[in-house]
Amino acid sequence: MKRVIVGLSGGVDSSVAAYLLKEQGYEVIGLFMKNWHDDSVTISDECPWLDDSNDALLVAEKLGIPFQTVDLSEEYKERIVDYMFNEYEKGRTPNPDVLCNREIKFDVFLKIALSLGADYVATGHYCRKDTIIKDGKEVHRLLEGKDPNKDQSYFLCQLSQKQLAKTLFPVGELLKPEVRDIAKAQDLATADKKDSQGLCFIGKVRLPEFLQQKLEPKQGNIIEISPSEVKYQRERPQFTSKREELEFLSGKYTYDVNDGKVVGKHQGAHYYTKGQRKGLAVGGTPEPLFVIETDVETNTIYTGQGKKHPGLYRKALFISKEELHWVRDDLKLKVDEELEVMARIRYRQPLEKATLHMVDSGVYVVFENNQSAITEGQFVAWYIEDELVGSGVIS
């Protein structure tokens, strides 16, 4: 009998995952990961880990499966929290959820599970996995979840073949309402619990306050750039090579303080991210201001009016070789090769047509349509049909 350890998070998805595995004849053990101790920055009544671990325990008792809690807060601090501070300090915007899956759930947690004699780990993610044989070898494919509104494959875009080999996604074939129905039918405590938001396993965090623990507030200017700014009218030069064209398309606009007018003050450029609208506290503009660029060196935020502002849009992005990841090793591109894919630069974004161009230093992703708020530090993931084949960090 195969043993599966389910990451019971105290939510409905992982509860139903555990139930389904039990039905399928696996020996199931529930494990709750505690990743956070610092209540000073969590909005504690929003989603405290204590309630979650109690809910997870109730579900385990109801299903008659063994249950224990593991404390991963040290690893979490080291691999996720420190990484977040680091990235924000550099003026990049991290994605802790993607990292948490790669570093915590499918690494630290997976190792614990294997040490407990597990054949697999399982989570409540809305995605699917299948296995094909190619050149006599098993190849695991990471597929979108059946529910188009809940597909979470993007968050798993950094998983490796080794990690996928040991993973099951029992709810990936279901729609969210079906999952809730199963939970109700089985009388599970989490059946009506609303979905959690916020950093994975931390609960809701007030981000500026969280960041202020490490990154000192310092006042700087908010500058508004006019949409008719000269640099947006730039002529497309004649290119002597493909590489030159790719560099041009992925190049971002650079600003200095004389390009626009000061419209307000902020408390630290590293608290803001591209495309952000809330939290600027500048009123009196006909259209809302959006962040179009941040400069942590000069502590300046550049903004533009309205979500159609040209400073928000770019057609291409670059991923350096070190930050490029293939879920499908066998589909890796060689230098000068191209691949047509569907890609997204954030969770919830509809997939967009794009072409990958491999160069010696990394890969360019060129979109058919201009993309809004391409943000350094975020992940871009690319798909062939419903399969996620690779991803990378936007440079």
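How many disulfides does a search of the whole structure find? The search turns up zero. Keep in mind that this is a predicted model.

**The cysteines**

Take Cys 127, which is in no disulfide: the nearest cysteine sulfur belongs to Cys 157 and sits 11 Å away. Turn it around and Cys 157 is likewise in no disulfide, with the sulfur of Cys 127 as its nearest, 11 Å off. A disulfide needs the two sulfur atoms within 2.5 Å, so at 11 Å Cys 127 and Cys 157 don't make one. As for exposure, Cys 127 has a relative accessible area of 0%, so it is buried. Cys 157 is buried too, since its relative accessibility is 0%.

**Helix H1 and what sits on it**

Helix H1 covers residues 12–23. Does its length agree or disagree with the expected span? With 12 residues at 1.5 Å a residue, H1 should span 16 Å, and its end C-alpha atoms are 17 Å apart, so the two agree. H1 is mostly covered, with 10 of its 12 residues buried. Among them are Val 12, Val 16, Tyr 19, Leu 20 and Leu 21, and the buried set also includes Asp 13, Ser 14 and Ser 15. The cover over these residues includes strands S1 (3–7), S2 (27–34), S4 (120–122) and S7 (167–168), along with helices H2 (49–63) and H6 (176–185). After H1 comes Gly 25, with a positive phi near 95 degrees.

Helix H2, part of that cover, is also where you find Ser 53. Ser 53 has 10% relative accessibility, so it counts as buried. Leaving aside residues up to four places away in sequence, Ser 53 touches Phe 32 and Phe 67.

**Strands S12, S15 and S16**

Strand S16 (residues 362–372) pairs with two strands here. With S12 (residues 313–320) the pairing is antiparallel, over seven bridges, and one of the bridge partnerships puts Ser 320 opposite Gly 362 of S16. With S15 (residues 352–359) the pairing is also antiparallel, through six bridges; there, Ala 354 has Phe 367 of S16 as its bridge partner. S15 and S16 make a hairpin, with two residues between them.

These strands turn up again at helix H8 (residues 242–250), where Glu 245, Leu 246, Phe 248, Leu 249 and Ser 250 are buried. What covers those buried residues includes S12, S15 and S16.

**Salt bridges**

The structure holds 37 salt bridges. Here are some of them:

| Pair | Closest N to O |
|---|---|
| Lys 193 and Asp 55 | 2.7 Å |
| Glu 87 and Arg 92 | 3.0 Å |
| Lys 231 and Glu 229 | 3.9 Å |

The Lys 193 and Asp 55 pair links distant parts of the chain, 138 residues apart. Lys 193 is in the loop between H6 and helix H7 (207–212), while Asp 55 is in helix H2. Lys 193 is partly exposed because its relative accessibility is 23%, whereas Asp 55, at 17% relative accessible area, is buried.

Are Glu 87 and Arg 92 buried or exposed? Both are buried. In the remaining pair of the table, Lys 231 counts as partly exposed at 21% relative accessibility, and Glu 229 is buried with a relative accessible area of 15%.

There's also a network of salt bridges linking Asp 130, Lys 134, Arg 141, Arg 328, Asp 330 and Glu 387.

**The nonpolar cores**

The largest nonpolar core has 53 residues, and Ile 104, Leu 142 and Phe 379 touch the most other members. At least two core residues each come from S2, helix H3 (73–89), helix H4 (96–115), H7, strand S10 (289–295), strand S17 (379–384) and strand S18 (387–393). Which element gives the most to this core? That would be H4, with nine residues.

Phe 379 has a long list of contacts, not counting residues up to four places away in sequence. They include Tyr 83, Val 98, Leu 99, Tyr 154, Ile 345 and Val 393, as well as Arg 344 and Arg 346. Cys 157 is on the list as well, the same buried cysteine discussed at the start.

Apart from the largest core lies another, of 26 residues. Its members include Val 6, Ala 18, Val 59 and Leu 174. Ala 18 is also one of the buried residues of H1.

Methods
Residues numbered from 1 in each chain as written. Predicted model: local features only at pLDDT ≥ 70, side-chain atom pairs only at ≥ 80, totals over all residues. Heavy atoms only, no water. Buried < 20%, exposed > 50% of the residue type's maximum accessible area, 1.4 Å probe, protein only. Helix = DSSP H or I, 4+ residues; strand = E, 2+ residues; numbered from the N terminus. Expected span 1.5 Å × (residues − 1). Contact = heavy atoms within 4.5 Å. Pairing = 2+ DSSP bridges. Salt bridge = Lys/Arg side-chain N within 4 Å of Asp/Glu carboxyl O. Core = buried A, V, L, I, M, F, W, Y, C linked by side-chain atoms within 4.5 Å.
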